[in-house]
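Student: I am new to this structure and would like a close look at a single part. Could you take me through the place where the chains meet, and then show me what lies around it?

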Amino acid sequence: MKPKNWIAALNARVSAFKSETESQGKTFYPGASRIDLASFPPKEHWDDWIALEPVAGTGKRQEKHYMLVPTTCFNCESACGLLAYVDRETLEVRKFEGNPEHAGSRGRNCAKGPATINQVTDPDRILYPLKRAGARGEGQWTRVSWDEVLDTLAERIRKAIVEKRHREIMYHVGRPGEDGFTEDILKAWGVDGHNSHTNICSSSGRAGIQYWMGYDRPSNDFANAEVILLTSSHLEAGHYFNPHAQRIMEAKKRGARLIVVDVRMSNTSTHADHWVSPYPGSEPAIFLAVARHLIEMKRYNREFVRRWWNWHEYMTAERPDEPATFEAFEKVLGELYADYTFEYAAAESQVPVAQIEAVAETIAGAGTKLCTQNWRSAAAGNLGGWQVSRTLFLLNALLGAIGVEGSTYPNGWTKFVGKRPINAGHPEHWNDLTFPLEYPLGMNEMSFLLPHFLKEGRGTLDTYFTRVYNPVWTNPGGFDWVEMLSDESKIGLHAALTPTWNETAYFADFVLPMGHSSERHDLVSTETHNENWVTFRQPVARAARERLGETITDTREVNPGEVWEENEFWLELTWRIDPDGSLGIRQHVESMSTPGERLSLDEYYGWIFDHSIPGLPDKAEAEGVTPLAYMRRYGNVSIGAVGEALYENEIPPEQLEDEHVDPHGRVYTRAAAPPQVNGAPTPNPEPDAEGRRPAGVAIDGTVRAGFPTPSGRLEFYSSTLAQWGWPEVALPTYIKSHIHRDKLAADQMPLIPTFRLPTQIHTRGANAKWLSELAHNNPVWIHPQDAEHKGIADGQRIRVETELGFFVAEAWVTQGIRPGVVACSHHMGRWQFTGSTDHHQRTMETTLAHDGGHWSLRPVEHKQPLAPQSGPDAKRVWWTAVGVHQNLTFGVHPDPVSGQHCWHQAVRVRPAEPGDVPGQIHVDLEKSDAVYREWLAMTRPADRVSPDGTRRPGWLLRPLKPTAEACKLPDSVSS
Amino acid sequence: MSATASADLLRLLAAIAESPSSAHADYARALGLAAPATAADWQVAHTMAFIEQCPPFASTMLGEGGQIGGAAAARVADFRALLGAEVETAPPDVLPALLADYAELVERAASDARAAHARAAMLWEHLLSWVMPYLDAVNRSAPAPYDGWATLMRDVLLAETQAVAPPDLLPLQLRMAPPALDLAHAESVDAAVRALLVPAASGIVLTRVDLTRAVIALEAGLIQNSRAFALGQLVTQDAPATLDWLAAEARDQAIARMAEIESLGVVGQFWADRAHATAEALDDLARVASARRVSSGAH
Ligand code: SF4
């Protein structure tokens, strides 16, 4: 039995213990540490974290000592933080977990983050630079030295530059993963050779936003929203989905409503209060019906619309007979959208009226806390898809839900890009192969048309880099790419910079092994929420060794084999292109502290961290380390919350020297622009006729910062679209998709090929065994009604016929897709040729054959998908499917405005024929040419529509901005 | 009135239940608990106590599925948020954090009537509503020092009931608890087993150590898997004996809960009633299973 006063005695003992502890200068109770089951190793233990690990076969555990080194995931654009667990004995990375110090991801990752360890330890990795032996595509390679690679490339590039063949150098990027570095290198070379994948990805999503507010990406304050409207499956996929998903769930827990517009049932729609499943392409009709409801019921934010929309410009330009007053505009606004009734939207979308009405009411109740998101999805699928994001953003613009708490922000506010030490001017020429005349409003490079352009004789490439990009597999019409890459008269030298084998690398001359997220440097910031932060990707073995006192100057010293990182590669290549500095290139990559030596990455990043990231030097000083050491230790730094409604900021009088105000209130000045701390991509609206720069916009007598659009306001009416040949779509409107019901034959149905598998990583998923185990097939989703009508059973082999040919897949009969539509996911159907030497990846072994323009790919029958032949994993690969590479059968569909490839397909679905095997493909490239020409004919080229003799509106974003002279229409067409 | 724990004593009881640090040996010394010898031993003991045997979350005891999170955790989160606690970064209902908040309220209660009110609410609504059967389970299943810690916690909290009388009305957490078990109508063995592992429904806690005891008593094979799977396998192997064992275990736990009624009032009655009902239902099932076996001639 306890003594009577036991608690008092215990209290006294604890009190004595507290005194003793505090007398030693220690904290008695540091507060709830949150080091509980779901938390993270506290950062003060990162140098020596002890974990207990099982000792194989003994049933016992032993202590393992780790150094925890932060880096940044490279498996999607979210740039979440990772913590590498580096074994202190061997200095090998044993696993990856989340970095709790990362402001965006806050220690949480999706499955792809920790699976980085699979990629790092992948037995199929390319560890050494390889050079083609034999003909291109034969699959024969010899190992070469980096010196040979660098000298070969440098000599070719130097020669092209000296001979003024700048256009023949091209860098084609899939996963960028860093802010600005490679663009800076290309600028140093004076080459307009940047080619991105964006036009098969997010160009339309961006265009619809850019025409409204200048910035081309939405940034979402999901955590504080009342109503969240996703036109996507954003809880599981899409840009920044992991940081976003956690904030969406927080908002939901608070009571926010979630509306998901998605044809298909996804893991996102299952969390929605309203899941709206429209006929694909009809999304704008729904959004416009909601807009009409807000307008008709006078539930829009009238004062916001009056102050911030460019209605005055619209009335003046398009309604010259009516007074240019707000009241007159409001009347016109009602008339413009009068036809978009709920009934009309229901007829177009096949969504019940009552559901559209309920959604409209929910949105109407959001006030300024409406947060909307669209990135790819419907915008990327449909002709006119850019109007999906433009009509979606109309709802924000009507409610004033822009750049305020709980709303949609411009990404230029929430993404932070610091100044960099490599700072060359922009190129003096314009690359027609990326920005051709036919697409003056193309948001990004017309990358996926490259094979067609070269086939038409528009040019050739001397040196072509693909970088973490696999166009043969990713782009529509992959056989056109195979044909182009195989032809040495079109592509002089192809260097594939890739961390893993891929279908495109087979057609390279050099295959250059690049690092995964724990083997490379990058500096990244993404618009995850209402806060600026930057994150540092770093070779963790290098950082670990440096913590132990070693000096590492070249990442190859610590990476596996001779895996390099691109930034050191580009610096070294640039150095060798101009060894004596006579081309004016070398100086851009010369050390600032030791002239005559090449810039090192420590110096490069050290400079940025010392000069360009506000608050970082102070934080580092507080810990007694340099800013570079701080970033190597924690991997991420927050610059702080972003202010609200920055467009309302008043412009001080000293910035308004020689002020000029145009009739619509755009204010121009001769005062120099104030220095910009944040260099996130922001458009530069053009100066006035006298050369004054746009400084703001006059609203009720005060000059305010406004938006980086030509008018300085939110552009309900886009004068750019109107003046560059597209007046009929200058307002938010509904463009009927190429797969609209009216355009399909009776036996055709739309195929949705855009959605992603949440646990896959484009090309690189096949090298992550855990991810392959989670998702390894892409059957065609088909509704039971359609399946019954076509006589197709669940799991049955089917043929899906597209414009170019057909693919064979398995059917998945499910109510998760709306009737009349079929769907097949991206990410699957990886292949390699019979006869190639490596047999480990989870890909199918195929024969590739062609007879003239008739190409076919056929999995080798009776062969399991390739899997490890030996070792423990040989027994663990239980799955046999790898899916189908449907993109090979798609023709190119460039939207004539945004340039985006419109992914959705009109297809016929029927049971497979005897002998058909899943994964089998057949394509007729003549049809591919015809589809290209059909879509090209929809364009309105710059030489016909340019209002000012230039190739493209100067204010639109572009990765490299050629000089004014280069932007002019070429003499051959302008005269 | 007898003494109650000081805020610092409560804090130390919270701290020692967190992930082991170099200070843990000192905490154990101050609390008079046996301390593991090395840092690795501390880690083993902590992992065994709070990961393998008894996850320290209100929701695992009170929630509908006996799992972490859900409405029970949200109620704790809402309450702690009202107190001004930062509940974003961790599961909000983890015991050390609740104890730390409670310690704060104890400290403030002397001079602040609102804090005194919140202390009572915290104690009955979010601690005593679940912690007694939980601590009993830790005491049965965890190695030193956490078995002793559980006893100490139990004594300290029972002393609190002298200072803060039980409520007349059942705490909301228990009013919103899942309904009592209905084993007789369970759809399958799996469903019955899953339901038994929801403490607020069954009134009992079955840890892995408890199941190991069952395996030894029944002379069955040890199954290393989830508790639901292991228990399901035991029932499949020998339903009458397993159900008998479970009924006896539920009865023992019901007796332990009944002994607490004097201090815990309606809260103690709730747990005792549920455990008792579970024991009865298991008895019935065991009888039916035995009868079936006899009629089928199986041995
Ligand atoms: S969302 Fe997943 S894949 Fe993307 S960066 Fe984060 S952890 Fe990596």
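**Where the chains meet**

Tutor: Across the interface of chain A and chain B, the rule finds two salt bridges. Keep in mind as we go that this is a predicted model. In one salt bridge, the side chain of A:Glu20 meets that of B:Arg29, at 3.5 Å from N to O. Now widen the view to the whole interface: 29 residues of chain A touch 41 residues of chain B. The size of an interface is often given as the accessible area lost when the parts come together. For chain A and chain B, the buried area is about 2800 Å², with 60% of it given by carbon and sulfur atoms.

Let us turn from the interface to the nonpolar cores. The largest has 89 residues, and those with the most contacts inside it are A:Trp309, A:Phe329, A:Ile363 and A:Leu714. At least three residues of this core come from each of domain 2 (203–408) and domain 3 (646–724) of chain A. Pick out A:Trp309 for a moment: beyond its neighbours within four places in sequence, its contacts include A:Trp212, A:Phe329, A:Leu394, A:Arg713 and A:Leu714. Another core lies apart from that one and has 73 residues, including B:Leu13 and B:Ala100.

Finally, find the ligand. Among the residues around it are A:Cys73, A:Cys76, A:Cys80, A:Cys110, A:Lys112 and A:Phe241. This shell divides into six nonpolar residues, five polar and one charged.

Notes. Residues numbered from 1 in each chain as written. Chains lettered and ligands numbered in written order. Predicted model: local features only at pLDDT ≥ 70, side-chain atom pairs only at ≥ 80, totals over all residues. Heavy atoms only, no water. Near = heavy atom within 4 Å. Nonpolar A, V, L, I, M, F, W, Y, C, P; charged D, E, K, R; others polar. Core = buried A, V, L, I, M, F, W, Y, C linked by side-chain atoms within 4.5 Å. Buried < 20%, exposed > 50% of the residue type's maximum accessible area, 1.4 Å probe, protein only. Domains from an automatic or database assignment. Contact = heavy atoms within 4.5 Å. Buried area = accessible area lost by both parts, 1.4 Å probe. Salt bridge = Lys/Arg side-chain N within 4 Å of Asp/Glu carboxyl O.
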